[in-house]
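Subject: A structure for you to look at

Hello,

Here is the structure I promised to pass on, with its sequence. Have a look at it first, and then read on for what I found.

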Amino acid sequence: MGDIRLPRHMFLWCLSAIYLFAFASLYVQIPGLYGNEGLLPARWQLRVSGKSVVEQLKDSPTLLWFGPRLGLDTQQCMELFSLTGALLSLMTLALPPLRDCRVFLVLWILYLSLYQVGQVFLYFQWDNLLLETGFLAILVAPMKMPWSSKVCLHDNVTFWLVRWLLFRLMFASGVVKLTSRCPTWWGLTALTYHYETQCIPTQLAWFAHQLPVWFQKLSVVGTFVIEMAVPFLFFSPIRRHRLTAFYMQVLLQVFIILSGNYNFFNILTITLCLSLLDDQHVNFWLRRPTLKTESSMDKSSLQNLFSGLAVMLEVSVYALLGYWIVQYFDLQVDWEKKRVSSKTAFTYFEFNGFLKTVTVPSIWIGVLCLAWEIITAMFKCACVRGVLWRLWSTIQWAVMAAAAVSMFAISLVPYTYFEYDANSNLWPGIRTAFEMTDRYQLVNSYGLFRRMTGVGGRPEVVIEGSMDRNTWTEIEFMYKPGNTSTAPPVVAPHQPRLDWQMWFAALGPQTQSPWFSSLLHRLLQGKRDVVKLIQTDESLYPFSKQPPAYLRAHRYKYWFSEPKADGSYPERWWRRVYVEEFYPVVYLGDSYLEQMLVQHGLKDKAPPRRSSNAWLPRLLRYVGEHAREMPAHLLLWTLFSSAATVCLLNSLRSRAHHRQHESLQNQHTDKPAAGRTCSNVAEKNEKKHEEEEEKEEVTKDDAEEDGKEQDKDATSEEEQEGEIEEEVSAEETEEDSLRKRK
């Protein structure tokens, strides 16, 4: 790994934006989800038990235990933490000096505190991924002190942990698709169902769903290659391998972003991919010149030899990867029909054998790469000048190396979940350390889209309300499919958590979703905070003036509509078919509804605390009333664009200041140079003047000699002898004068 200063800055900047999205998205939903009159009040998770604060923190590590000391109830404390996290991440996004390890520690603690009481609405894999990435950011971010340097020698060690997390995420996501024995993944037909059955598709998902089947199957093959084969290139010593892997991973995430609303998850994955870059490639993006050092002829020839071998190895890896793809997926090109056929050419037992062969070597590859980074950083610390600086660098290196080894060790437990033998052979001490830190979500297991749902049609729950039990009106949600004529929205990076849980509820009976009874109960009561989870604009809610007297829920199956025979687009995006009753007709005081609430522990046993009129609760209420009037995804993009604008202005100002500084330096360097050039010109002029004088004297002497030669013919020999003597004496006097001049 080369210099990673620029990718590290980009990683921290992107993570600040993701924290902003996560906190702000959750903030606008807290009253409806976790409020005192919400679906799952968070105060039920923090019941007074008579334990000390230390014991309570051990049971549930959250700062919400300190809410009563601030005069806040659980809902207000959650709003305070979310608002604080959003504002702090916004400032961190806009101001580079705030991207410090202590700031990221505060952000991680705040999100962990919310996660502990989030219950089913906050137990998503991207929430776990954000907590794990956020903890790694504490190690990656610098600790800015007056005596600290800008470059830390242990940066490569801690930043390597981000690459290891990316490897675990992608490799596990590919493996679980096949270990689940899902027939759609094994038959390479998963994407023929995915686009219409995902939680909240975009409009582009409709067009992607219309692609031919052979292309969908080929896309599944590409997904397997990117998620299971390409991640091993993350640890390749060849730089172009890592860059190729980076672009392939980013390409997959961009396609997912375009076709589905997965909040900040794909942006977070792309942020992890930055660990594959170096300063040289980022400078290539920015069109900045890179400094090249001169080398001797022997060294350049040796470098050419190694570069040639590296190119041969690189091409060999690509050729071997292509051969495996063709061999194990039986790719065949049909030139007449202009398509590529594919199928799975290996069995489940052969795949298990592949896992047994690959899992342990992948761990040792990680061990060797981490050891290389640690040893390289150690030698850099040993070369630091000054005893005190060398001691300080060595202490930093020792602490960060120990932290990196510890994080790598405990991550092996969730990483090996899919392979029993490798998991059972781990050292027991690693298991003990993992169990001790599991409550803090430092490391997690991942595996996305394990099984493809909605193969026979997308199940969807539709809630209907009535005032007289005869006329029923559908309650349409803002984001999830309901009305067949409504176009799929674009809401990322916001995650409407109720809409997501409605998607999960439709996959099974209503008894598997206890919160659904609470939803119907709150709608019958007409709770405004819960209604805002369904429609931010209450005028679009059919029972905004008076809550419904009766509610029921039906299950439908949805499919994307097909284009017309003439190629024109249909008027409706969806088509649906009624399946069955999901929840019977209920009303306030209904025995069945009361029984379900009591059975699932959703009945209030004690009234909530009275809201305080202190300045902090009043401030929280004021901010909440104004912030929740705007649609959540617009609020998120407004905050992000404002911070990005500040960053852009700061960068332009710093560039202008840098250019002015360079121009001033050039002016200072030009002044002595100009003085030297003036003196040189004066010396040259003086020399030219002396040479011209010498030439004039020489020409005068020549003219005198010519005149004397003419007189010689007319005079006698005696006169000639006298003239010769005079000439000799004249020459002697001229030589004396020249010597004096010199």
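A definition to begin with: two strands count as paired if DSSP finds at least two bridges between them. Helices and strands are themselves DSSP runs, numbered from the N terminus. Please keep in mind that this is a predicted model.

With that in place, here is one detail. β3 and β4 form a hairpin with six residues between the strands, and in it arginine 469 takes a positive phi near 70°. The two strands of this hairpin run antiparallel and are joined by three bridges. One residue pair to look for is glycine 465 with its bridge partner in β4, threonine 473.

**The whole protein**

Stepping back, the protein has 26 helices and six strands. Of its 742 residues, 46% are buried. Its contacts often reach far along the chain: among those between residues at least 6 apart in sequence, 77% join residues at least 24 apart. The exposed area comes to about 39,100 Å², and carbon and sulfur atoms supply 60% of it.

**The sheet**

In what order do the strands of the open sheet lie? The order is β4-β3-β5-β6, four strands with antiparallel pairing. At the edges are β4 (473–475) and β6 (574–586), each of which pairs on one side only. From one strand to the next, the twist averages 35°. Helix α21 (residues 515–525) packs on this sheet, where it touches β3, β5 and β6, and its direction makes about 80° with that of β6.

Inside the sheet, β3 (residues 458–466) pairs with β5 (residues 550–560) in the antiparallel sense, over nine bridges. You can follow this pairing from residue to residue: arginine 458 stands opposite tyrosine 558, and valine 462 has histidine 554 as its bridge partner.

β3 is also mostly covered, with nine of its nine residues buried. In a regular strand, side chains alternate between the two faces of the sheet. Here Arg458, Glu460, Val462, Glu464 and Ser466 point one way, Pro459, Val461, Ile463 and Gly465 point the other way, and all of them are buried.

**A covered helix**

Helix α13 (residues 265–273) is mostly covered too: seven of its nine residues are buried. They are Phe265, Asn266, Leu268, Thr269, Thr271, Leu272 and Cys273. What do these buried residues pack against? Their neighbours are four helices, namely α1 (5–27), α6 (125–140), α7 (155–179) and α12 (239–259).

**A nonpolar patch on the surface**

α12 turns up again on the outside. Leu204, Phe207, Leu251, Val254, Phe255, Leu258 and Tyr569 make a nonpolar surface patch of about 680 Å². Two helices, α10 (203–209) and α12, each supply at least two of the patch residues, and α12 gives the most, with four.

Tyr569 has its place in the loop between β5 and β6. Why does tyrosine 569 count as exposed? The reason is its relative accessibility of 56%, since exposed means over 50%.

I would start with the hairpin of β3 and β4, then follow β3 across to β5, and finish at the nonpolar patch.

Enjoy exploring it, and best wishes!

How values were computed: Residues are numbered from 1 along each chain as its sequence is written. Side-chain values use heavy atoms; hydrogens and water are left out. Axes are lines fitted to C-alpha atoms, for helices over the stretch in contact, and angles run from 0 to 180 degrees between N-to-C directions. Contact means heavy atoms within 4.5 Å. Buried means under 20% relative accessible area, exposed over 50%, partly exposed in between (1.4 Å probe, protein chains only). Accessible areas come from the Shrake-Rupley method with a 1.4 Å probe; for residues, only the protein chains shown count as cover. Patches are made of residues with over 30% relative accessible area and no salt bridge: like charges are joined within 9 Å, nonpolar side chains (Val, Leu, Ile, Met, Phe, Trp, Tyr) within 5 Å. A salt bridge is a side-chain nitrogen of Lys or Arg within 4 Å of a carboxyl oxygen of Asp or Glu.
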